[in-house]
Amino acid sequence: MHPRDQTIFALSSGRLPSAIAIVRLSGPHAGAALQTLAGKIPPARMATRVMLREHQGEPIDDAVVLWFPGPASATGEDVVELHVHGSRAVIATLFSVLAVTPQLRPAEPGEFTRRAFENGKIDLTEAEGLDDLIHADTDRQRRQALRQLTGLLGDRARSWREQIIQAAALIEAGIDFADEGDVPAELIAPALSRIERLLTDIQSVLSAQGRAERLRDGLTVVIAGPPNAGKSTLMNQLAQREVAIVSPHAGTTRDLIEVQLDLEGYPVTVIDTAGIRETNDPVEQEGVRRARDRAAQADLVLWLAEDDQVAEPQEDVPVWLVRNKIDLPTFEGVGTGLAPSESPLFEISARSGEGLPALLKALVGFARDYFGSTESGLITRERQRTLLSETAAALRRSIAAVNLGEELAAEELRIAGLALGRLLGRVDVEDVLDVIFREFCVGK
């Protein structure tokens with residue numbers, strides 16, 4: 001039996017132990033497995049309380065079960081949900097029973113969602129939206145992923161593909177009736193107009209500068225500077241917990257330390273780095289090298305320094321000078337380093353928190369400008385942008401080919417339609433599917 005014809009099962013809820021755990025089954029033998037466990041198949045889509053039992057009749061747990069006969073289910077197959085108490089012992093016993101049930105096997109990562117895709121319940125853009133929703137860390141990421149999951153890009157792509165098919169039909173009809181005198185011209189003109197409007201629509205989507213893609217990946221802020229400037233203390237203040245070791249000894253931080261922040265819905269990764277200085281210690285030298293490399297790849301660098309220390313310049317990366325330790329009696333305010341007119345300058349005490357509200361407010365403003373408006377963004381992944389770019393290129397070639405020959409124009413439209421089909425996951429995407437769905441959790 002092909003693996004896709006087998007019935008799969010997995011834990012679909014969170015880490016154990018928990019108050020309730022949900023085990024899902026999907027496939028042609030889900031109903032039979034439910035009959036074995038519960039002694040009956042309850043009414044469809046109605047929560048029913050039953051005692052689940054082993055094959056020998058020993059009780060497993062007092063549970064609530066739901067039965068979703070296909071194709072009216074999440075995967076398009078027969079689906080069972082077992083809501084049990086979330087102890088490790090209950091799940092271990094239940095899984096041991098399911099594992100020896102004929103035609104059942106544990107699910108692979110993302111296999112439930114892949115079956116939903118293969119059975120036409122969702123397209124590939126919606127599957128990607130579901131993956132983004134699962135991994136969303138902030139409210140803005142959640143809203144963007146939900147728009148994708150509900151067909152924001154997929155619906156547009158299907159509409160575009162239908163328009164391409166209609167335009168291709170007109171051109172091919174012109175080819176078929178080429179001996180009818182003026183018929184081809186009457187067909188080519190509306191086809192060309194349709195293609196031009198479609199190209200304008202897709203180009204407007206592509207010109208959104210990748211803001212939705214940026215929101216998915218988040219903003220990276222690196223805290224850099226000389227040793228003992230207070231970088232780890234600032235990191236702990238921003239994270240509001242102890243994530244980095246704070247010590248008065250120079251060179252304590254040797255590696256990169258990352259923390260994820262939610263700044264008013266904007267996802268921000270803050271990275272603490274080793275103090276940058278000349279040293280003979282090979283381990284510290286490696287830490288300094290990593291610090292410089294990470295700063296060069298950041299979206300923003302917070303250069304933490306004391307009174308008169310200057311910021312190390314970064315190529316194509318904005319640098320904010322943050323003067324720390326304003327709570328010390330020896331602090332003299334703005335020193336001889338980088339002037340405020342050349343770069344934003346902030347004066348804080350990473351230890352007491354003084355001055356941090358102004359810095360956080362500025363970070364939120366930077367994130368707002370960086371991400372821009374993502375409410376109307378359609379593209380959230382590089383794969384989507386690449387395929388839409390291929391579609392637009394084929395449409396441009398089709399317009400240019402009209403005067404060279406209708407056959408060439410029709411072939412370019414076929415290529416454009418193929419690219420949109422790959423975007424939706426309907427043609428030539430087996431390798432892409434393997435990459436996308438293996439990133440999902442088991443049970444999803």
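**Exercise 1. Two buried rings**

Task: Tryptophan 320 and phenylalanine 346 are both buried in this predicted model; work out how their rings are arranged and which strands hold them.

Solution, step by step:

- A pair of aromatic rings is described by the distance of the centres and the angle of the planes.
- For tryptophan 320 and phenylalanine 346, the rings are 5.3 Å apart centre to centre, with 40° between the planes.
- Planes under 30 degrees apart would count as stacked and those over 60 as edge-to-face, so the pair of tryptophan 320 and phenylalanine 346 is tilted.
- Tryptophan 320 belongs to strand β11 (residues 319-323) and phenylalanine 346 to strand β12 (residues 345-347), so the pair ties together parts 26 residues apart in sequence.

**Exercise 2. Around phenylalanine 346**

Task: Let's stay with phenylalanine 346; is this residue buried or exposed, and which residues does it contact beyond its neighbours within four places in sequence?

Solution, step by step:

- The relative accessible area of phenylalanine 346 is 14%. The cut-off for buried is under 20%, so phenylalanine 346 is buried.
- Leaving aside neighbours within four places in sequence, phenylalanine 346 is in contact with Trp320, Leu321, Val322, Arg323, Ala358, Leu359 and Ala362.
- Take alanine 362 from that list: phenylalanine 346 and alanine 362 are 16 residues apart in sequence, and their C-alpha atoms are 9.7 Å apart in space.

**Exercise 3. The aromatic pairs**

Task: Now count the aromatic pairs, and classify the one formed by tyrosine 266 and phenylalanine 371.

Solution, step by step:

- Rings pair if their centres lie within 6.5 Å, and by this rule there are six aromatic pairs.
- In one of them, the ring centres of tyrosine 266 and phenylalanine 371 are 5.5 Å apart and the planes are at 5°, so the pair is stacked.
- Tyrosine 266 sits in strand β9 (residues 266-272) and phenylalanine 371 in helix α11 (residues 356-371); the pair links distant parts of the chain, 105 residues apart.
- Both tyrosine 266 and phenylalanine 371 are buried.
- Ring pairs join Tyr266, Trp320, Phe346, Phe366, Tyr370 and Phe371 into a cluster.

**Exercise 4. Charges over rings**

Task: Find which rings have the charged ends of arginine 140 and arginine 24 over them.

Solution, step by step:

- Tyrosine 266 has the charged end of arginine 140 over its ring, 4.0 Å from the centre. Tyrosine 266 is also a member of the aromatic cluster.
- Phenylalanine 112 has the charged end of arginine 24 over its ring, 4.7 Å from the centre.

**Exercise 5. The six-stranded sheet**

Task: Trace the strand order of the open sheet of six strands, then place helix α3 against it.

Solution, step by step:

- The order is β3-β4-β5-β2-β1-β6, with mixed pairing.
- The edge strands, each pairing on one side only, are β3 (48-53) and β6 (104-106).
- On average, neighbouring strands of this sheet are turned by 30° against each other, direction ignored.
- Within the sheet, β2 (residues 18-26) and β5 (residues 79-86) pair in the antiparallel sense over eight bridges; serine 18 has glycine 86 in β5 as its bridge partner.
- Helix α3 (residues 111-118) lies across β1 (7-11), β2 and β6, running at about 135° to β1.

**Exercise 6. The whole protein**

Task: Finish with the overall picture: how many helices and strands are there, and what share of the residues is buried?

Solution, step by step:

- The secondary structure comes to 14 helices and 12 strands.
- Of the 444 residues, 48% count as buried.
- The protein exposes about 21200 Å², and carbon and sulfur atoms supply 52% of it.
- Among contacts between residues at least 6 apart in sequence, 62% join residues at least 24 apart.

Definitions and conventions: Residues are numbered from 1 along each chain as its sequence is written. This is a predicted model: local features need pLDDT of at least 70, side-chain atom pairs count only at pLDDT 80 or more; totals for chains, interfaces and linings use all residues. Side-chain values use heavy atoms; hydrogens and water are left out. Helices (H or I, at least four residues) and strands (E, at least two) are DSSP runs, numbered from the N terminus. Buried means under 20% relative accessible area, exposed over 50%, partly exposed in between (1.4 Å probe, protein chains only). A charge sits over a ring if NZ of Lys or CZ of Arg is within 6 Å of the ring centre and within 35 degrees of the ring normal. Two strands pair if DSSP finds at least two bridges between them. Axes are lines fitted to C-alpha atoms, for helices over the stretch in contact, and angles run from 0 to 180 degrees between N-to-C directions. Contact means heavy atoms within 4.5 Å. Accessible areas come from the Shrake-Rupley method with a 1.4 Å probe; for residues, only the protein chains shown count as cover.
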